[in-house]
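Grab a pencil and work through these exercises with the structure open beside you. Try each task before you read its solution.

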Amino acid sequence: MQYSIIPYSDIDLGNRIDAEYFQPTYLEMEERLKSLNGTPLRNFCSITGSAFYPAATHLYEIGDLPFIRCVDCIPHPIVTTRQNSSFEKIPTYFANEQKNIKTLSKGEIVITKVGSPCYASIIHDLDVVALSRTVLGLKSIHGVDPYYLVAYLRSKYGFSQLVRERELTIQYQLTLDRVGSVLIFKPENELLEQKIAQSFLLYEAAIKHSESLFHKAQSLLLSELGLANWQPKHRLNFVRNSNEVEKAERIDAEYFQPKYDEIVNAIKSYAGGWDRLGNLVVMKKSVEIGSSEYLDEGIPFVRVSNLSPFELSEEKFMSDKLYAELAKHQPQKGEILLSKDGSPGIAYHLREKPEKMIVSGGILRLKLKNQRINADYLALVLNSLLVQEQANRDIGGSIIYHWRPDQIKEVVIPIFGKEKQDEIQQKVSESFALRAKSKSLLEAAKRAVEMAIEESEEKALAWLAKQIEKSGIEL
């Protein structure tokens with residue numbers, strides 16, 4: 001059992017009196033930071049957030065200004081233009097008209113505020129973004145390198161303080177005032193601050209290069225099918241026979257758009273051959289646990305929002321007891337996780353043996369039936385427009401996007417020869433190797449912060465310099 005003894009005079013009855021706020025680990029962290037001249041965050045910036053603005057969802061289709069939400073930040077410590085396709089956007093004129101919609105500029109920091117609070121990210125190469133109600137912003141940062149600051153806020157000392165400052169109303173949330181009280185450790189050695197910031201920038205450089213290699217692999221895939229310069233065109237009129245409508249059991253015009261036929265015909269006419277996904281893999285369904293079972297720590301419960309072609313992020317967790325009951329749903333090395341609900345068609349190949357986890361019912365587990373196709377190649381195809389367009393065709397007309405397993409089994413996949421598959425797999429492997437290096441640089445930046453606080457700035461600087469050199473990544 002843990003307990004803390006707090007003098008009554010140290011408790012602000014208008015502030016926090018819950019026992020959780022005074023856990024020994026939080027008190028020890030606060031004392032350590034105060035001994036190192038920790039300075040409240042509000043001394044380094046102004047803190048802002050959007051509130052009480054009209055509903056804007058009907059404007060997303062015509063928007064041009066990224067409207068930052070939690071999902072844009074949690075897996076992305078650095079928010080970049082590469083996320084452009086996943087941003088919701090509002091019109092700039094709408095943001096300008098609404099005084100309660102706040103914006104951030106390049107080099108400023110966003111922190112998730114509601115739902116899954118406490119994750120800090122820096123706006124890297126976007127000139128301006130708007131803030132949704134679910135996040136808050138740090139503007140006009142001064143007296144500290146913003147890339148060092150976001151590394152600190154993602155480290156044990158920054159993140160734990162933000163977790164401590166959460167308030168539980170209907171759900172956990174952060175307030176601007178409480179965020180401002182978070183203590184910031186600023187190194188006396190400016191070179192250490194610069195090196196930590198540099199490590200964060202090197203993380204971004206490695207991620208950018210990794211994604212470039214991945215897209216080159218996709219380009220190779222499309223070129224082989226003669227689709228290198230293909231662009232989907234939405235046609236306003238076309239003709240279909242009644243027997244085609246009857247066979248498809250669909251009457252919505254969107255399903256019969258010619259662009260979908262162009263994709264399918266290109267795959268079926270490929271000289272190397274093709275097959276349906278259901279003939280290539282065994283599909284296993286996953287399970288839902290219900291939001292009442294969500295914990296802040298424990299065994300990861302991976303939802304569609306945590307899935308990307310490049311990685312799995314952790315946001316919700318479950319108890320060891322519940323995991324034991326659901327252990328048969330544990331994903332295995334070599335499987336491909338494929339989203340079918342919400343954002344259908346996102347595939348992630350488990351290239352290494354995964355830690356304990358359970359994936360949600362919105363994700364299918366795919367296991368290869370034979371050696372006709374390798375998993376890296378198949379995952380790349382599933383993430384390409386070849387399959388994305390087939391998914392768009394199947395889910396069209398739905399209010400809530402849901403890609404049925406029987407539809408997924410009918411998806412057509414080109415079967416490249418072993419040499420070409422191996423060439424694609426090589427690029428994918430290089431991409432993931434770089435991504436692994438990028439993660440090590442991110443962790444190194446955070447660990448250097450912690451080492452400087454717990455041991456010495458000199459030791460942290462020497463250790464971090466070695467990690468940067470070992471990575472081989474350059475700006």
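**Exercise 1. Work out whether His-349 is buried or exposed, then find its partners.**

Step 1: His-349 has 12% relative accessibility, so it counts as buried (buried is under 20% relative accessible area, exposed over 50%, partly exposed in between, with a 1.4 Å probe and protein chains only). Keep in mind that this is a predicted model, where local features need pLDDT of at least 70, side-chain atom pairs count only at pLDDT 80 or more, and totals for chains, interfaces and linings use all residues. Residues are numbered from 1 along each chain as its sequence is written, and side-chain values use heavy atoms, with hydrogens and water left out.

Step 2: Locate His-349 in strand E19, residues 347-349 (helices, H or I with at least four residues, and strands, E with at least two, are DSSP runs numbered from the N terminus).

Step 3: Now look at the side chains: those of His-349 and Asp-376 share a polar contact of 2.8 Å (a pair of N or O atoms within 3.5 Å; within protein, one must be able to donate a hydrogen and the other to accept it, and residues adjacent in sequence count only if both atoms are side-chain atoms).

Step 4: Skip neighbours within four places in sequence, and His-349 is in contact with Gly-334, Glu-335, Ile-336, Ala-375, Asp-376 and Ala-379 (contact means heavy atoms within 4.5 Å).

**Exercise 2. Describe how H11 and H12 pack, and say how enclosed H12 is.**

Step 1: Helix H11 (residues 375-383) packs against helix H12 (residues 385-395) at about 50°, and their axes are 4 Å apart (axes are lines fitted to C-alpha atoms, for helices over the stretch in contact, and angles run from 0 to 180 degrees between N-to-C directions).

Step 2: That angle makes H11 oblique to H12 (under 35 degrees is roughly parallel, over 145 roughly antiparallel, 65 to 115 roughly perpendicular, and the rest oblique).

Step 3: On the H11 side you'll find Val-381, Leu-382 and Asn-383, which meet Leu-385, Leu-386, Val-387 and Gln-388 in H12.

Step 4: Eight of the eleven residues of H12 are buried, so this helix is largely enclosed by the rest of the structure. Among the buried ones are Leu-386, Glu-389 and Arg-393. Their cover includes H6, H8, H11, H13 and strand E22.

**Exercise 3. Find Glu-211 and list what it touches.**

Step 1: Look in helix H6, where Glu-211 sits.

Step 2: Glu-211 has 14% relative accessibility, so it counts as buried too.

Step 3: Not counting residues up to four places away in sequence, Glu-211 touches Arg-82, Phe-310, Ser-431 and Arg-435.
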